[in-house]
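Trainee: Please take me slowly through one part of this protein, the empty space in and around the fold. I would like to know what lines each space and which elements the lining comes from.

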Amino acid sequence: MATVCVLLLAACGQSYEETKRMTRESRKAAWRKDSAALKVAVMPTLDCLPLFVAEHYQLFDTVNGGVRLKMYMSQMDCDTALERGRVEGSMTDLVRAMRIASRGTALRTTAVTAAHWQLVTNRTARVRQLKQLDDKMVAMTRFSATDLLTNLVVDSVKLDKDRVFKVQINDINIRMLMLQNNEMDALWLPEPLATMARQLKNPVVYDTRKEDIQLGVMVFRDKEMERKERAHQLELLMKAYHQACDSINKYGVRKYKGIVVERCKVKQVVADSLPDHLTYTHAKAPSHQDSLMVKKFLEKAKR
């Protein structure tokens, strides 16, 4: 009987060691695959929809390392991952991208995206016009498109900047919760959260789609893209991105509402009400006008 127990224990020991070895090997294999892949930081927003569609329908190349989309809840987290080399690319905005470049990380802008923002006010705050933002709190992200846009709307109605209080709330889901809990007077939201806010009867006092402003961009670490294999991966990624853009433009955003529900974590009723006229363009550089506006904003912010 004792001999049987010893044999059983020995077998168990071998099984445990084998399991540990396999676990180590699987971790190494996963690391190698992740390292070889072209990693892109994304957020649960509609500007990232072409990438979500491309991944869902397996448009990304799988032979040359493939593409990995890394989800973050705030632009700050996307940018941190980009600067620290955890990802090679990011869906961001022109303000963030130019600021990162000014800090020493050279970036390659591959596309202007469909990103846009709406300034939503709390329905209990009784703010229906921009001039009523006086003595109100606005949720935004410092040194980002929403920071620039806040200055833009304040200047447009000649309000005292010291009387409009910028509150840095980076996580867009937390912004949404603050709106629902009546903790913020106004806040910048991208889609699909902007649609959710409108469904809750919160007014929209500014919409970048109605202005000639395109601040969303897709960028990649330039040093990485100088490598032949990374450049090839980027070429294949952009091919898939363009295919997805064409498909969304042809069939409309709501055709892909199932993907929006899955990736953006919103309810079906929100996806059903999304604006269906969003246009996704192929790769192009930011306009001179937008680049100059961002440059002036960042220069002024340094003072």
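Mentor: By class, the lining of the second largest pocket has seven polar, four nonpolar and three charged residues, where Ala, Val, Leu, Ile, Met, Phe, Trp, Tyr, Cys and Pro count as nonpolar, Asp, Glu, Lys and Arg as charged, and the others, Gly among them, as polar. The model is a predicted one, in which local features need pLDDT of at least 70 and side-chain atom pairs count only at pLDDT 80 or more, while totals for chains, interfaces and linings use all residues. Residues are numbered from 1 along each chain as its sequence is written, and side-chain values use heavy atoms, with hydrogens and water left out.

This pocket has a volume of about 260 Å³, and of its 14 lining residues, Ala 114, His 116, Arg 209, Gln 214 and Thr 279 lie nearest the centre. The search runs on a 1 Å grid over the protein atoms alone: a pocket is an open set of points with protein on both sides within 12 Å along at least five of seven lines, a cavity is a set where a 1.4 Å probe fits but cannot get out, and lining residues have an atom within 4 Å of a point. Points are joined across faces, edges and corners, and a volume is the space filled by probe spheres set on them.

The largest pocket holds about 360 Å³ of space, and among its 14 lining residues Asn 151, Lys 161, Lys 296, Phe 297 and Lys 300 are the closest to its centre. Helices H5 and H12 (288-301) are the elements that give two or more residues to this lining, with helices (H or I, at least four residues) and strands (E, at least two) taken as DSSP runs numbered from the N terminus. Its lining divides into seven charged, six nonpolar and one polar residue.

The setting of H5 deserves a moment. Strands E6 (residues 136-140) and E7 (residues 164-168) run parallel and are joined by five bridges, at least two being needed for DSSP strands to pair; among the bridge partners, Met 140 is matched with Gln 168 in E7. Between these strands the chain passes through H5 (residues 145-156) in a right-handed β-α-β crossover, that is, with the strands pointing away from the viewer, the path from the first strand over the helix to the second runs clockwise.

H5 returns when we turn inward, since H5, strand E3 (89-93) and helix H6 (172-180) each supply at least two residues to the lining of the largest cavity, and E3 provides the largest share, three residues. This is one of two cavities of 30 Å³ or more. The largest cavity contains about 280 Å³ of space, and of its 23 lining residues the closest to the centre are Met 43, Thr 45, Gln 75, Trp 117 and Pro 190. Its lining divides into 11 nonpolar, eight polar and four charged residues.

The second largest cavity holds about 40 Å³ and is lined by Phe 60, Asp 61, Asn 64, Gly 66, Val 67, Gln 233, Leu 236 and Leu 237. Helix H9 (residues 228-251) gives the most to this lining, three residues, and by class the lining has four nonpolar, three polar and one charged residue.
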